[in-house]
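Hi,

Here is the structure I promised to pass on to you. Have a look at it first, and my notes on what I found follow underneath.

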Amino acid sequence: MKYKNIREEELKNKVGADWFKSFDTTEILGNIDFTVFPKQDNLFGRTPLLWAEAKTGDFGIAAMFVQLILTIGKARTFDKTLPPAFLGAFDFKKIAFVDYVNIQDIFYLNDFNWNVTPSKHDTKEFQLIKERIESTLKRNTYVFDYEKDEKELQTFIKNNVANATTKSKIRIDKNNFIPIYLRWIESVKPIIDVNWDELKKANIFDSDFYLADIFVDDKDTQDIEDDLSIRDNLFVVFQNQGYTIAKENLNQMFDATINIREKNAYLQFWKLYKRPPIAAFQDYIIERRDLLVPQDIRERKGAFFTPRIWVELSQKYLRDYLGEDWQDEYYIWDCAAGTGNLLAGLTNKYNIYASTLDQADINVMHERIDHGANLLKAHVFQFDFLNDDFSKLPQSLQDIIGDEAKRKKLVIYINPPYAEAASKGTVSNTGTNKTDVAVTTKVYEKYKSKIGIGGRELFVQFLTRINAEIPNTVLAEFSTLKILQAPNFSDFRSFFRAKLENLFVVPADSFDNVKGKFPIGFFIWNNDIKEDFKEIKSDIYNSKGDFIGNKRFLNTSIFKSINDWIITTRNKVNEINIGFMSAKGNDFQNANFIFIINDKNQLPHPRGTWVTDKNIIEISVYISVRHCIQATWLNDRDQFTYPNNDWKYDTEFQSDCLTFCLFDNSNNISSSFGINHWIPFSEQEVDAKNRFESHFMTDFMNGKLSIENDATLFEAPQNQALKRVFSEDATAVFDAGRALWKYYHSQTGVNVNASLYDIREHFQGRNDKGRMNAKSDDATYMARIGLLRNKLAILADTIKPKVYAYGFLKD
């Protein structure tokens, strides 16, 4: 064999030298094994000729191509550079080529999980791609044995691969019209003088302007005079050195001509490309314009991938609830179907309906039906669930909805789109409110006064319409647990009255396109029974599909929140501010916003309360309760509530919390922003080189300060000081902290008034972005801060049971 018993890198080098020596095979492109480029740049840059997968053994051609496809799809390489003329795969014996155009469609599936390891050939995703492309490969792949087909291989490379280097301008074809569009967004879209938000409301997108641009000739003349099918399918046309809206019902809403602000920049961009597209591909580009719709728009319209593992599990739960023959006894409607992956595994196509917003997704489902998908074309239809009237539904489905007996046999089975008007980015001032995402639908307008702020999320609008307008049905849906727990959804919970029959939860990041550590649940609601949600025992699965236990989820909106409690500690007589506590939200997902600083003015939009000499115990309890239990994907939405009074009588608990608050990383007090009142030691204890500016904390702990509070809080008469007594675990924390402070004060040139935050900053330093480093090169410091963290974790374990016992969390 020509290349037997050599390593992969050597194989790639030899293939490059033996077969592609007239080309550049040295460029590294992401995780793609092997690339071929022309050696010389032309006026407009280089066009890739080949991307290939390399294997050292004797591999099947299909398996190699699948791994290459998964590698490209995972990194979305085609979004970052123009794709090649060919994809390839080779091992020690053979090399194969396939035209990229024959594979391209697979990269734009909007219900496929690309977040898998390409080299793992036993995944479901690997098998799905293999099944989808095997027939294409059999028809369109060129396979050459290095030894037996030597001359044929040389001829193929010369006549096919090399030909791509002869063009002076890049022709627009099936391979590159999408990457060119992405470059167009960066270069041309910003110089078009139009209000894109207004256009979007009219369902005119930037892609419509791009199509108008590519269907002109090099003289900027719209090149569609002889092709009525293309002209009729353009929503925007290019004329008079600008654009005109071609939709008859919209052309009066916008200026007659939409101008280009920087004509020279526009011309420079289009010098790179030969327009119009190659004639053979023009119809294809028009037909697949859906591929140009921005990813965020596709996601808003329901293009979320439901992993097969959760599809199968959800159908098992439906079978357990409705009975073994449920598919024959019930109708099923997925009204947010995307391309229908949630319906995979269902057997009775005569009882299944699927609708979605995008006609392009309908086309994909119809294509799947042509290739054996178990659906009826008449039951797969375009329908905008949040805007369209039910009169647009197929008559057979209207008959089901209109008949109460049949309606009770209708299962609405959905993974609805998830989009909202605000995100964590807006909370942390790193994003903007998406006010146009979910507040423009007819459903929102109709029900907004009843469902409150929670109605600003699309999935809630789906649930609202189903509950209100298709009563008596079974609703089986994937969504977050906000609808059960979040305070912003209390109005929705009052409106949405149905019996929650069953629930399982899984990690959100097991879903494609979903980031973050929080639970997604599969809910089975009985809309025929009207009741308020109070609580449910849910099954829990890890990302591999293993059952790992149960958890009780409560409607905690019937309780006051922990923030309702902490605000009662404000405005005491003669109080003195010693810090400010940031406090946002009542759940674990907001843990990063719970911390103590010197002054509220350090925050751009401060929310919280002052820490004073009169409420320091309550603040310490609050900080400890919010941080002693680690946030996980499972407890992310759990709500902290108003405590009972028992904590007031537990002075050991109070002292434990004070200790935790003093030494936890959430204490960001710094002497850089004012006097540090939080030094927990005397000068003598830490061998300080000078006197501290403040002795507040040691005076407070030693009972030298008068306090004004409930007698029950300290079990002492009002205005009488109380010396704090610390538990064994708290004392261990102080001992570790004292060793750290003492080591800091042994250094030269230190700040005598340093806080814990200052000490960490001193040893750990900051990176080039201004963020504190995670560790220090000083081994002694790392040992002492490590011991402190260890003792603090033990103390946290001591506090945890009392968080539940005193009602801060409901178990």
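At what angle do α30 and helix α31 pack, and how far apart are their axes? Before I answer, please keep in mind that this is a predicted model. The angle between α30 and α31 (residues 779–805) is about 145°, and their axes are 11 Å apart. The crossing of these two helices, α30 and α31, is left-handed. From α30, the residues that take part are Leu756, Ile759, Arg760, Phe763 and Gln764, and they meet Tyr781, Ile785, Leu788 and Arg789 in α31. Sorted by class, the contact of α30 with α31 has six nonpolar residues, one polar and two charged.

Helix α30 (residues 756–764) also packs with helix α29 (residues 728–745), here at an angle of about 55° and with the axes 11 Å apart. That angle is why α29 counts as oblique to α30. The crossing of α29 and α30 is left-handed. On the α29 side the contact is made by Leu740, Trp741, Tyr743 and Tyr744, and on the α30 side by Leu756, Ile759, His762 and Phe763. This contact of α29 with α30 divides into seven nonpolar residues, one polar and no charged. Leu756, Ile759 and Phe763 are listed for α30 in its contact with α29 and again in its contact with α31.

Now to the sheets. One is an open sheet of six strands, ordered β1-β2-β3-β4-β5-β6, with mixed pairing. Its edges are β1 (23–24) and β6 (142–145); each has a single partner strand, so one side of each is left without a neighbour in the sheet. Further in, β3 (residues 50–54) and β4 (residues 86–90) pair in the parallel sense over five bridges, and Trp51 stands opposite Leu87 in β4. Helix α2 (residues 61–75) packs on this sheet and touches β3, β4, β5 (94–99) and β6, with its direction at about 125° to that of β4. Helix α5 (residues 150–161) packs on the sheet too, touching β1, β4, β5 and β6, and its direction makes about 140° with that of β6.

There is also an open sheet of three strands, in the order β8-β9-β10, where the pairing is antiparallel. The edge strands here are β8 (236–239) and β10 (258–259), and each pairs on one side only. Strand β9 (residues 242–245) is joined to β10 by two bridges, the two running antiparallel, and Gly242 stands opposite Asn259 in β10. Helix α8 (residues 206–214) lies across β8, β9 and β10, and runs at about 45° to β8.

Two backbone details may interest you as well. The peptide bond from Arg275 to Pro276 is cis, with omega near -5°; Pro276 lies in the loop between β11 (273–274) and α11 (279–287). Asn5, in the segment before α1 (8–19), has a phi near 60°, which is a positive value in a residue other than glycine.

Finally, a word on confidence. The chain has a mean pLDDT of 86, and 87% of its residues reach 70 or more. In residues 295–304 the pLDDT is below 50, and this stretch has 36 contacts in the model beyond near neighbours in sequence. Residues 710–720 also have pLDDT below 50, with 24 contacts beyond near neighbours in sequence.

Best wishes

Methods:
Residues numbered from 1 in each chain as written. Predicted model: local features only at pLDDT ≥ 70, side-chain atom pairs only at ≥ 80, totals over all residues. Heavy atoms only, no water. pLDDT = per-residue confidence, 0-100. Contact = heavy atoms within 4.5 Å. Pairing = 2+ DSSP bridges. Helix = DSSP H or I, 4+ residues; strand = E, 2+ residues; numbered from the N terminus. Axes fitted to C-alpha atoms, helices over the stretch in contact; angles between N-to-C directions. Parallel < 35°, antiparallel > 145°, perpendicular 65-115°, else oblique. Left-handed = near helix turned anticlockwise from the far one by under 90°. Nonpolar A, V, L, I, M, F, W, Y, C, P; charged D, E, K, R; others polar.
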